[in-house]
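Work through the following exercises with the coordinates open, and try each task before reading its solution.

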Amino acid sequence: MQLDDIVDWIDGKFGDSTPRVTASDMDSLQKILGGNGYQSYLQDQVNRQIIRDYLLNALVLGVISDEDLQVMAPQLEGEESRATMALYMLMSSVEDARELPAITGDMVQLKPLKPESAPPPYIELVRS
């Protein structure tokens, strides 16, 4: 099964997400929300939510301190650094928060990988 198929299946299980609006309202919404600007805004909002939830959990669990939050503060201000932090947070558990590059000082901007000529990865499900 391909990853796209899995994502489509999960999205299908969420149910209909179409707003309950008239056709003319839908046209207006499409004009406002359909552009790249809104997509960038939406992605930044998702990154903010990931960071907020992760840091709050790490603080409540005692993994990081108020001082650690202050050390991270400059990284929270930029959209690019928020995207980088959110990715690091998605790839690590809350218990590993002390190892985040924003705390250790190893924060570097991520660079897109160059695609290889190999076919896309597939997941092979092993049935027991």
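**Exercise 1.** Determine what share of the residues in the protein is buried.

Solution. Taking buried as under 20% relative accessible area, exposed as over 50% and partly exposed as in between, with a 1.4 Å probe and protein chains only, buried residues make up 19% of the 128 residues. This is a predicted model, in which local features need pLDDT of at least 70 and side-chain atom pairs count only at pLDDT 80 or more, whereas totals for chains, interfaces and linings use all residues. Residues are numbered from 1 along each chain as its sequence is written, and side-chain values use heavy atoms, with hydrogens and water left out.

**Exercise 2.** Find which salt bridges involve Asp44, and place the partners in the fold.

Solution. A salt bridge here is a side-chain nitrogen of Lys or Arg within 4 Å of a carboxyl oxygen of Asp or Glu. Start with Arg48, whose side chain meets that of Asp44 at 2.8 Å, N to O; both lie in helix H3 (residues 36–60), four residues apart, about one turn of the helix. Helices are DSSP runs of H or I with at least four residues, numbered from the N terminus. Next, Arg82 forms a salt bridge with Asp44, with the closest N and O atoms 2.9 Å apart. Arg82 lies in helix H5 (residues 79–90) and Asp44 in helix H3, so this pair ties together parts 38 residues apart in sequence.

**Exercise 3.** Classify Asp44 and Arg48 as buried, partly exposed or exposed.

Solution. Asp44 counts as buried because its relative accessibility is 7%, while Arg48, at 34%, counts as partly exposed.

Conventions:
Helices (H or I, at least four residues) and strands (E, at least two) are DSSP runs, numbered from the N terminus.
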